[in-house]
Amino acid sequence: MATLIAYASKYGCTRKAAGLLWGKLDGRTDMVNLVREKKVDLSQYEKVILCGSIYEGRIQRKVKKFTEKHLDELLQKKVGLFICCMKSGEAAQAELEHAFPKDLLEHAVISDFFGGELSLYDMNLIDKFLIKVISKRDDRLTHDTSNLSLEKIQHFAEVMDSV
Ligand SMILES: Cc1cc2nc3c(=O)[nH]c(=O)nc-3n(C[C@H](O)[C@H](O)[C@H](O)COP(=O)(O)O)c2cc1C
C-alpha cells in the first residue's frame, strides 16, 4: 500500500518540505496539491501525510477543509502531520495544535513543525504589508529568512517508514 503527501503551500516552502520528505520515504509515495485538486481518493493509501503552512496563526484553509471532510477516513490510516511556520518552540507547537483536530493529532504517528521560509521578493502586496506589520511585533517573522529543518524532515521520514 502507498503513501500520500497532501499539501498546501502559498510560496513553495511546504511544497519544498513535502518534496524533501517524498525523496526520503520508502515505497510508492504520491503528492497532491490541495490548492489545485478538488477530489482526492484516499482509499488506495495506507499512510497519509497532511501538511500546510501557517498564516496569521492559522493553517491554510484548504488543509482545514480537507481535514474536516476526510476526518473519519484519516482516523483509519497511519497519519503524519506537519506544518511550515516561522515560529519555533512552544509558539510553533501551539500553532501545530491549533492547525489540526485534537483527535487527529492524538491519532497521528508523528506531528511536527519543520520551520519555514519567508522571502519578501516572492510575496504579493498584501502579504508584504502584513509581514511588515507583523515583523515589528514578532522578530521571528522577519522576511528573507529560511530555517527549514532537514533533521526534522529526516526524523519524520524514519518514523513514517517504521509504521
Ligand atoms: C502574511 C504572513 C503571515 C504569516 N503568519 C505566520 C504566523 O502567524 N505564524 C508563523 O509561524 N509563521 C507565519 N508566517 C510564515 C509562514 O508560515 C512561512 O513563511 C511558511 O514557510 C510559508 O510556507 P508556504 O510557502 O508553504 O506557504 C507568515 C507569513 C506571511 C507572509
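1. The largest pocket of this predicted model has a volume of about 730 Å³. Its lining is made up of 34 residues, and those nearest the centre are I54, Y55, E56, L118 and I131.

2. Several elements build the wall of the largest pocket. Helix 1 (13-24), helix 2 (61-74) and helix 5 (125-137) each supply at least two lining residues, as do strand 3 (45-55), strand 4 (58-59) and strand 7 (117-118). The largest share, 5 residues, is that of helix 5. Sorted by class, the lining holds 14 nonpolar, 12 charged and 8 polar residues.

3. The ligand sits in the largest pocket. The shell around the ligand consists of 25 residues, of which S9, T14, I54, Y55 and E117 are the closest. Helix 5 gives the most to this shell, with 4 residues; helix 1, strand 3 and strand 7 also supply at least two residues each. The shell divides into 13 nonpolar, 6 polar and 6 charged residues.

4. Polar contacts of the ligand deserve attention. An oxygen atom of the ligand lies 2.6 Å from an N or O atom in the side chain of Y55. For the side chain of S53, the corresponding distance from a ligand oxygen to an N or O atom is 2.7 Å. At Y11 the partner is a polar backbone atom, 3.0 Å from an oxygen atom of the ligand. Taken alone, the ligand exposes 650 Å², and the protein buries 98% of that area.

5. The second largest pocket has a volume of about 200 Å³. Among its lining residues are L34, V35, R36, K65, F66 and H70. By class, this lining comprises 6 charged, 4 nonpolar and 1 polar residue.

Notes. Residues are numbered from 1 along each chain as its sequence is written. This is a predicted model: local features need pLDDT of at least 70, side-chain atom pairs count only at pLDDT 80 or more; totals for chains, interfaces and linings use all residues. Side-chain values use heavy atoms; hydrogens and water are left out. On a 1 Å grid over the protein atoms alone, a cavity is a set of points where a 1.4 Å probe fits but cannot get out, and a pocket is an open set with protein on both sides within 12 Å along at least five of seven lines; lining residues have an atom within 4 Å of a point. Grid points are joined across faces, edges and corners, and a volume is the space filled by probe spheres set on the points. Ala, Val, Leu, Ile, Met, Phe, Trp, Tyr, Cys and Pro count as nonpolar, Asp, Glu, Lys and Arg as charged, and the others, Gly among them, as polar. A residue is near a molecule or strand if one of its heavy atoms lies within 4 Å of it. A polar contact is a pair of N or O atoms within 3.5 Å; within protein, one must be able to donate a hydrogen and the other to accept it, and residues adjacent in sequence count only if both atoms are side-chain atoms. Accessible areas come from the Shrake-Rupley method with a 1.4 Å probe; for residues, only the protein chains shown count as cover. A molecule sits in a cavity or pocket if more than half of its atoms lie within 2 Å of its grid points.
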